[in-house]
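User: I am new to reading protein structures, and I would like to learn how to describe a chain and the place where it meets a partner. Could you take me through it step by step?

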Amino acid sequence: MAHVRRPGNRKNVKKGFQFTLMVVGASGLGRTTFINTLCDAEVVPKRECDEPEMAHIEEGIKIKPYTVELDEDGIKISLTVVDTPGFGDMIDNEYCFQEILGYLEQQYDDILSEESRIKRNRRFRDNRVHALLYFIAPTGHSLREIDIELMKRLSPRINVIPVIGKSDTLTPGELADFKKRVMEDIAHHKIPIYNFPYDPEEDDDETVEENSELRSLLPFALIGCEEEVTVNGRKVRGRQYPWGIVEVDNPQHCDFVKLRYALLSSHFQDLKEITHDYLYENYRTEKLSRITDSASDNDSNEEDEHSRLKEEQFKKEEGKLKEIEDRVQRELKEKQQELWSKEQQLMSLEAAQVQVQ
Amino acid sequence: MVSTQAGAGIGIANLPNQRHAIASKKGSNYTILLCGESGLGKTTFINTLFTTAIKTPKSYKRRFNNNTAEKTVEIEIIRAELEEKQFGVKLSVVDTPGFGDYTNNRDSWMPIIDFIDDQHESYMRQDQQPQRQELSDMRVHCCLYFIRPTGHTLKPLDIEVMKRLGTRVNLIPVIAKADTLTPTDLHKFKKRILEVIAAQNIQCYTFPLESDDESSTKRNMNIMAAMPFSVIGSTDDVLTSDGRTVKGRQYSWGVAEVENEDHCDFKKLRQLLIRTHMLDLIHSTEETHYENYRRSQMETRKIGEAKVKTVTNPKWKEEEEALRKRFTEQVRLEENRFRSWEQQLIAERDRLNKDLEAEHSHIKALEAELESMQVGLSPKTRK
């Protein structure tokens, strides 16, 4: 996927930008906390746990968008974060994939129909999702089947960025090994994630260096925390354990700061462009060619329902046609008889006439 | 009841010592089942518990050769013989790789449940044999269920499996990788898990708290209060900030120690599993769970009859799905056939109609001709 970054891409417009980010991952991996840490505010309310008696009931996945106004170094960003609570919690999670894919394609469909309108609405809000952060469980081994399946299915429609949730459970050595194995898995299964593409010949050195550094950090190790603790007299965001304090904003402890910068400052333009120029175009091509190919195709569901009815209809029509055929044959015969008798008459009349003359 | 007076005595009180001699010579069987998703530290925990590499860590090279289409839960048994102060234990560790790892985990607990029941079954049959000296006893004495440290609550999958396990084996819930939870989070999490366990009627392992001496009772209550146990596993020796060398995990922000009671409940769990309650675990398996199984089987079966195997097999479900797909495919083909047939019939009908029309008009023309001829004829005949 070749994408050339135009130099001097960072506009400094006062109007502000819009960016939509989707966050997907099993519950308990720090997704909600991450969103709140990213926006530095309680955007997503903490999960209230249901009654213990209802804990065995499987709730499906829910898709919840939240919009926040952020200010990054003077640039205003209207950030929409789409949370997906309930993902991976059920015993059978096949349905979750469909839900998310349906939501993403719905946004594309809206844009498609809007573009095809005669009179377009200038205030139309673009709800396409520009990036998806997928939270991998910090098992320390390698990717699980559900991880591979999800990334494979969603990457044709959206920029997928894998991240490791609750990475404070891994020691530095384990983290490095885990990252390596995850990237090996991704390469092995040929999953097209967003890996900060750059062109060593075309782009300038700064861009190349920046992108290759970010690429080497994939998947990003994240820790989320909303509380503040005191370390050496400073107040920092961090988690306090009996054996030490983990700081969110410390690049030695996790990759949160780098990811935040990439998402909200340096690479969001790139992500938006890829979404619009490449992913959306692909979807559009696929969808339109599907429509023209099968113009007479009925809905497969309806087919299954009506097949029996149609069979009966056919039988009836067949009977009717047979009847019509018989009747036609009979009428033909009759008419032929009539014709013949009339011919006879004619001949006798002619004969009589000849005789008379 | 006659009690002998103090003094020499006849030696009845020596019976426990004799028992002790016999027991130490015989050794013991101990089977632990580890249940939980992959990556929760089960292997590391076992190695830490017995301070020896019982199970080798997972090999990553083979993961690309794995045919993931199978999607079943395997049962892996590792045997080891441990000896301490001339007392030997035949340890068996049963692992369940693949549990909870797939997209669809329905019925993934069947292999585990079947395994536990099969051990009871096999012991029962051996017991009924004429020769029953050499019994191989693989009955599971305790099941450690590793819970993912989400900090929220138990997942529906956890609840389903724990319900089934609790009635068959001594179930001990364990919070894995507890070094990801702060003390307050951990406390809330434990409370919530206990609430769910109570509300869902999951039977966990309990043991008699009352004991002869005060300190044992207190210790027992301590252990009970810490359920579910939070564990951190590590076989590496690391250096803490105050110079001690301990088993622990070294982070950039500190060292989490395995044997530190403030950091995790590993010590309590080890006491439970080995130091104080190993015998109770073995006994309760033999007396309660095995007897339950035996009773339920004997009520319905005669001696010597084979066990009725249930027909539900998750693999067959997949075949069912494939068949169903083929069926819908066939229906669609038939439908297309009907459609083309309909087209044909319609074309046929149109053709016949057209012929009919043609014949009609032909007849009409002839009639008209006839009429005109008749008309032409009659004036002539009138001449």
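Analyst: Let us start with burial: a residue counts as buried when its relative accessible area is under 20%. The model here is a predicted one, and in it 46% of the 357 residues of chain A count as buried.

User: How many helices and strands does chain A have, and why is it called more spread out than a compact globule?

Analyst: Chain A contains eight helices and nine strands. Its radius of gyration is 34 Å, whereas the globule rule gives 21 Å for 357 residues, so chain A is more spread out than a compact globule. The C-alpha trace fits this picture, with spans of about 140 × 55 × 40 Å along the principal axes of chain A.

User: How many residues of each chain are in contact at the interface of chain A and chain B, and what area do the two chains bury between them?

Analyst: On chain A 74 residues are in contact with 74 residues of chain B, and together the two chains bury about 6800 Å², of which 61% lies on carbon and sulfur atoms.

User: Which polar links does the rule find there, and which part of chain A gives the most?

Analyst: Across this interface there are three salt bridges, and one salt bridge joins the side chains of A:Glu174 and B:Arg249, at 2.6 Å from N to O. The rule also finds 13 residue pairs in polar contact. Several elements of chain A supply at least two residues each to the side that touches chain B, including helix H4 (172-188) and strand S8 (234-241), but H8(A) gives the most, with 24 residues. By class, that side of chain A has 25 nonpolar, 21 polar and 28 charged residues.

Conventions
Residues are numbered from 1 along each chain as its sequence is written. Chains are lettered from A and ligands numbered from 1 in the order in which they are written. This is a predicted model: local features need pLDDT of at least 70, side-chain atom pairs count only at pLDDT 80 or more; totals for chains, interfaces and linings use all residues. Side-chain values use heavy atoms; hydrogens and water are left out. Contact means heavy atoms within 4.5 Å. Buried area is the accessible area (1.4 Å probe) that two parts lose on being put together, summed over both. A salt bridge is a side-chain nitrogen of Lys or Arg within 4 Å of a carboxyl oxygen of Asp or Glu. A polar contact is a pair of N or O atoms within 3.5 Å; within protein, one must be able to donate a hydrogen and the other to accept it, and residues adjacent in sequence count only if both atoms are side-chain atoms. Helices (H or I, at least four residues) and strands (E, at least two) are DSSP runs, numbered from the N terminus. Ala, Val, Leu, Ile, Met, Phe, Trp, Tyr, Cys and Pro count as nonpolar, Asp, Glu, Lys and Arg as charged, and the others, Gly among them, as polar. The radius of gyration is taken over C-alpha atoms; the globule rule is 2.2 Å times the number of residues to the power 0.38. Buried means under 20% relative accessible area, exposed over 50%, partly exposed in between (1.4 Å probe, protein chains only).
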